[in-house]
Structures are given as structure tokens and as C-alpha cells.
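Work through the exercises below with the sequence and the model open beside you. Each task is followed by a solution that goes step by step.

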Amino acid sequence: MSEAKIKKITPESLEEAADLLRRGQLVAFPTETVYGLGADACSDEAVASTFQAKGRPQFNPLIAHIADISWVDSFAVFSPSARKLAEAFWPAPVTLVMERKADCPISLLVSAGLDSVAVRYPSHKGARAMIAAFGKSVSAPSANVSGTVSPTTAEHVFQSLGDRIPLILDGGPCLVGVESTVLDVRADKPVLLRAGGLAVEEIVEKTGLDVLFPDKDPALPRSPGQLSSHYAPRLPVRLNALYPEEGEAFLGFGAVENATLNLSEKADVREAAAHLFAYMRLLDKPCYRGIAVSPIPMNDLGLAINDRLKRAAYPRS
Ligand code: TXA
Ligand code: MG
């Protein structure tokens, strides 16, 4: 395939994207979290080509993206907690894992054979416009080769998948910068499968729901996609560093000295989340022997940042 075209979002590029999706092709598009690699969620062939382009392990299920809450009724079951969360937040960086309906038209490959489906209604206007132009649910993992740092600009997508897809819609840098929060909402109490762009504190405060953590209770369901090593730059990553060692790049947070780049000088975790993946890419250079990262607090989006950093630092063989 020839190189991907990068196009700003216009009525014409949206129509081109919708047309490619209808023909079973892949289109990369911006969301508020990270760029997604979109395919027709109802087409086994289109979804299969997503796994192929990403080099992703087949057992890892994908998220079905929608452009209106009403779309859910045709394929998944709203539990009371799912309804509450959707009404409180959607469109937002939160993905809800629901029970598939018996006649669910979404490819079983999206669910990786499970009887559940992950649903997300993104807040990014360009994402919603593309899905609406297509008129059906769009499956999309992050638009990068499996296991590498997620893309937060169209240029990142081009570097990773530029030779494998026809079109990248450019909606500028992603404002949230870490993937969506994933909640299993099939039971009364939502289970946190992945910390992400919607803070748990905000969920609890706005809905009064009790969020459960599988890390603290081995009996709870876990996300099949949470591989230990993921989001990995090429260089080794050292966490909770107070200063860099010889030859290391230093990814700082707050008022630190000697930072090569600082995620947020004013120690704001939201600003840090928005910079995280782009800065890890900038520091992942052969002129350094590793990346040392400042401690990041665990509140608000700090939970998602620490989750990604822990995976980036996981020892690789
Ligand atoms: O912000 C995001 O969520 C981005 C943008 C593009 O929307 N997408 C994204 O997709 O991060 P991906 O494929 O990289 O991550 C999907 C996560 C994985 O951890 C996967 O295991 C989990 O959602 N997931 C998907 N379907 C699931 C299901 N049926 N049950 C449990 N976990 C599921
Ligand atoms: Mg991903």
C-alpha cells in the first residue's frame, strides 16, 4: 500500500473516511484520549485487518465507538449502573463493558469471543462527526503498533502505521492524552478494568457508585488487554526518580531540577497526562541510555499515568 494521506477534518475528508470504512478499510482518527484505528465494527474482515495492522494478540478485545447513546440499544444491554454512568458522563473518555444482546451485529472479533462488548461515546467532535458520517459503530484500538506508546498526534500515527493504512484524519493533539477509563458495568458496582481519562474520584462524586478495583480483589473480572508490558518505549524506564543518573533523560513532574522535559511544572496531573505519550516519544532516543521519571501522585488522572508508566517500566527480556 502507498503512504497514508493525512487530512484535516472537513466535510470532504469525513465523507472520504466514511466511504473507506464502508469498503472495509481502516481509517485513523482523533479522539480526546488518543488517536484510534477505526474499522467497521460489524465486519469480521475489517476488524481482522485491524489486528493485522497493529500486530496485536488476537485475544485482546476492541472498543466499539458510537455517535449517539441511542445506538447502544441495538447491540448491548444497559444495566442500571451503565445507564447511570452513560447519562452522567457520555460523551466522555469512559468506556463501558456491557453484555452483548443475542442478535448483536457487532463482530465477535471485537469482543474477542466474549459475551460482552466495550462501548465508548467519545467527546471529540471530529471523532463523532466521522462515526456519524459512517452511520454505524466503529471499532478502534489506539492507532499504533501493539505494545508501543499510544499516538496523540496524526504525525505519531503516521510514524507507526503510515505504510499500512490509507487515511489519517488530523484533529490536532489529543487534549486528554491517556486512553479512556474502562469499567465493567454488568453488575451493580462498576469494576475498574483500566484507569484512564475520566478520574475515578469524578465517577464516585457524580454518580455515588462504588467503584471496585480488581488489583485489590482477585475475585473480580480483569481486562484481557492489560498485559504487563505495554506502552513501551525502546529505552528502559526508571520510575520514582528524584534526579537523573549518568546518561539518562529525565522526565520531570513539578518543581524539579535538571528535567530534560517536564510533564507539568505546576504539578498538574491533567497537564501531565496530555503530555505523557508525546514526551516519552521525544525522549526515546539512542543518545540516552534510559528514561528516569519523577514520582507522579496517585490522585485524579495520576492513577492512569502511573498505570501506563508501570507498564512502560516492566522489565522486558
Ligand atoms: O481511549 C481509548 O479507549 C482509545 C480510543 C481510540 O478510543 N482506545 C483504546 O483501545 O485504548 P485499546 O484497544 O487500546 O484498549 C481497549 C481496552 C483494552 O484494555 C481491552 O482489553 C479492553 O479495553 N476491553 C475491550 N473490550 C473488552 C471487553 N469486552 N471486556 C473487557 N475488557 C475489554
Ligand atoms: Mg492501546
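A cavity is a set of points, on a 1 Å grid over the protein atoms alone, where a 1.4 Å probe fits but cannot get out, and its lining residues have an atom within 4 Å of a point; grid points are joined across faces, edges and corners, and a volume is the space filled by probe spheres set on the points. This is a predicted model, in which local features need pLDDT of at least 70, side-chain atom pairs count only at pLDDT 80 or more, and totals for chains, interfaces and linings use all residues. Residues are numbered from 1 along each chain as its sequence is written, and side-chain values use heavy atoms, with hydrogens and water left out.

**Exercise 1. The cavity**

Determine what volume the largest cavity has and which residues line it.

Solution. The search returns one cavity of 30 Å³ or more. The volume of the largest cavity is about 30 Å³. Its lining consists of Thr181, Leu192, Ala195, Gly196, Leu198, Ala199, Val200, Asp300 and Leu303.

**Exercise 2. The two sides of a helix**

Identify the buried residues of helix α3 and explain how they are placed around its axis.

Solution. Helices (H or I, at least four residues) and strands (E, at least two) are DSSP runs, numbered from the N terminus; buried means under 20% relative accessible area, exposed over 50%, and partly exposed in between, with a 1.4 Å probe and protein chains only. In α3, which spans residues 80–89, the buried residues are Ser81, Ala82, Leu85, Ala86 and Phe89. Because these residues cover an arc of only 130° around the axis, they lie on the same side of α3, the arc being that of the directions from the helix axis to the C-beta atoms. On the face turned away from this buried side are the exposed residues Pro80 and Glu87. The cover over the buried residues of α3 includes β6 (94–100), β10 (181–184) and α6 (200–207), where contact means heavy atoms within 4.5 Å.

**Exercise 3. An open sheet**

Establish in which order the four strands of the open sheet are arranged, and which strands stand at its edges.

Solution. Two strands pair if DSSP finds at least two bridges between them, and the resulting order is β12-β15-β13-β14, with parallel pairing. The edges are taken by β12 (237–238) and β14 (261–262), each of which has a single partner strand, so one side of each is left without a neighbour in the sheet. Going through the pairs, β12 joins β15 (residues 290–293) over two bridges, with Val237 opposite Ile291. Strand β13 pairs with β15 over four bridges, and here Phe250 stands opposite Ala292. The pairing of β13 with β14 rests on two bridges, with Leu251 opposite Leu261.

In a regular strand the side chains alternate between the two faces of the sheet. In β13 (residues 248–252) both faces are covered, since Glu248, Phe250 and Gly252 are buried on one side and Ala249 and Leu251 are buried on the other.

**Exercise 4. The cysteines**

Decide how many disulfides the structure holds, and whether Cys42 is buried, partly exposed or exposed.

Solution. With a disulfide taken as a pair of cysteine sulfur atoms within 2.5 Å, the structure holds zero disulfides. For Cys42 the nearest cysteine sulfur, that of Cys104, is 7.4 Å away. Cys42 counts as partly exposed because its relative accessibility is 27%, whereas Cys174, with a relative accessible area of 5%, is buried.

Definitions and conventions. Chains lettered and ligands numbered in written order. 1 Å grid on protein atoms, 1.4 Å probe; cavity = no way out; pocket = protein on both sides within 12 Å on 5 of 7 lines; lining within 4 Å.
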